[in-house]
Amino acid sequence: MTCPIIKCFKSREPIYSSSSMFIPHILSCFFFSFTLLSSSSSAFVFSGNGTEDIENRSDLFPKILRDEAVGRLYELGKVSDASGYLERTFMSPASMRAINLIQTWMEDAGLRTWVDEMGNVHGRAEGANTAAEALLIGSHMDTVVDAGMFDGALGIISALSALKALHVTGKLGQLRRPVEVIAFSDEEGVRFQTTFLGSGAIAGILPATALKTTDKRGMAMEDVLKENSLEITEESLSKLKYDPASVWGYVEVHIEQGPVLERFGYPLGVVKGIAGQTRLKVTVRGSQGHAGTVPMSMRQDPMAAAAELILTLESLCKNPEEYLSYGGRCGNDSVKSLSSSLVCTVGEISTWPSASNVIPGQVTYTVDIRAMDDTGREAVIYELSRRMYQICDKRSVSCNIERKHDAGAVACDSELSSQLKSAAYSALKRMEGDIQGEVPVLMSGAGHDAMAMSHLTKVGMIFVRCRGGISHSPEEHVMDNDVWTASLAIMSFLETLEL
């Protein structure tokens, strides 16, 4: 099927930088499940009023929702612990600067602010009904290494822009329920290899044992927090959990991190659900020795064993039906789901002693496994572990598999998603007039803070298209007008909130 790429707004920015960058990501869209509520062959058509016309409409707040929002994204994107690329991990010096910056922006939007013991930044507007359940809106301020500037940050800044627009028009105090924006301190899990530290604490799913977890330098999480004047104990951690009775729901705006919206020419989409994920740490130990003196037939080489283990992972995840269809470990529905959604990644590997003339004594690597079906994901982990131990036994090396993180697949609340879909449609209509087609509904293959927050309350998400579907990369990019549209959608949603 041929489906044209349509520019939804007149802009100086291209939707993607080059066809060579875009084509591989187009192919990847078929690994994710998505649903278009209109015909999949129909494109989203706008009336074409033109950027020049809508820039002059004060009710669209271009100075706040676009210009200032984009400026803040670029400003926050420069807050980094590295000089040549963006890296901002949990409780790093750059993260502390980001906390101060975001707190200032929250105050500028008329919000009451505070920073909790896990480094989450809160900004709250009580609205007209202080006793009502609160709407929480959030995303994360930490990044991966060599990151893009929109992942996480867009969700925080678009929410603050929407609230500021209401603040300057005197409507912030008229909100029908309290609204609280939370910039979560950690979602990526880079520093401690445990994701959702910030949102997990708010949702009450972060165990107290996590405070004893150490980073690569051997520093415990609780000590890192204390270094930044955040005194935390097991008791204070438990008190960070919000009372479910006080929360109405959670909403998150996030870049899609995939090519589907761009492929079909939509600025925004609504998320139907999020894939479950598991992170493993695999340690392979063998016999360290001299690279020139130990015969090949006598080696117990953990590097060669790790290579075979990783290739086994790749083979299983490319063809799960060949490994799981028989033996009763996975039903037909789960196998079918895995065939379209299972993705597995080895993203980090290290050796000891890591010298060119030494057979290593130990190899450690990470495994990231994601799938829409939780039963199928567990079946993959079981079968993978069984085969890995067999390979290690054959090679006379030891193999240890640790589960470092688990998150079940999450279904977004259907009513909340419907409201977000209406808000997205309203924003697009306000921007461009008559619209043909409907806002698409997608599944997410990436994890988000909404996964943790689903343990506390109902959740909903809006996706914003990104150029080429590229994320976790400096090439990550969102058009200025799409930032504007996302902020306007949140504003529209807030204006129609009901008790």
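Buried means under 20% relative accessible area, exposed means over 50%, and partly exposed lies in between (1.4 Å probe, protein chains only). Keep that scale at hand for the exercises below.

This is a predicted model, where local features need pLDDT of at least 70 and side-chain atom pairs count only at pLDDT 80 or more, while totals for chains, interfaces and linings use all residues. Residues are numbered from 1 along each chain as its sequence is written, and side-chain values use heavy atoms, with hydrogens and water left out.

**Exercise 1. Classify lysine 216 and its partner, glutamate 348.**

Step 1: Lysine 216 has a relative accessible area of 71%, so this residue is exposed.

Step 2: Glutamate 348 has 29%, so this one is partly exposed.

Step 3: Now look at how they meet. Their side chains form a salt bridge, 2.9 Å from N to O. (A salt bridge is a side-chain nitrogen of Lys or Arg within 4 Å of a carboxyl oxygen of Asp or Glu.)

Step 4: Find them along the chain. Lysine 216 is in the loop between α6 (197-203) and α7 (221-227), and glutamate 348 is in the loop between β11 (343-345) and β12, 132 residues apart. (Helices, H or I with at least four residues, and strands, E with at least two, are DSSP runs numbered from the N terminus.)

**Exercise 2. Explain how aspartate 108 and lysine 164 connect two helices.**

Step 1: The two residues form a salt bridge, with the closest N and O atoms 2.7 Å apart.

Step 2: Aspartate 108 belongs to helix α4 (residues 93-108) and lysine 164 to helix α5, so the pair ties together parts 56 residues apart in sequence.

Step 3: Check their surroundings. Aspartate 108 is partly exposed at 34% relative accessibility, whereas lysine 164 is buried at 11%.

**Exercise 3. Describe the second largest pocket.**

Step 1: Start with the term. On a 1 Å grid over the protein atoms alone, a pocket is an open set of points where a 1.4 Å probe fits, with protein on both sides within 12 Å along at least five of seven lines; lining residues have an atom within 4 Å of a point.

Step 2: Its volume, the space filled by probe spheres set on the points, is about 420 Å³.

Step 3: The lining has 20 residues, and Gln193, Lys216, Lys281, Glu348 and Thr364 lie nearest the centre. You have already met Lys216 and Glu348 as a salt bridge.

Step 4: Which strand gives the most to the lining? That is β14, with 5 residues.
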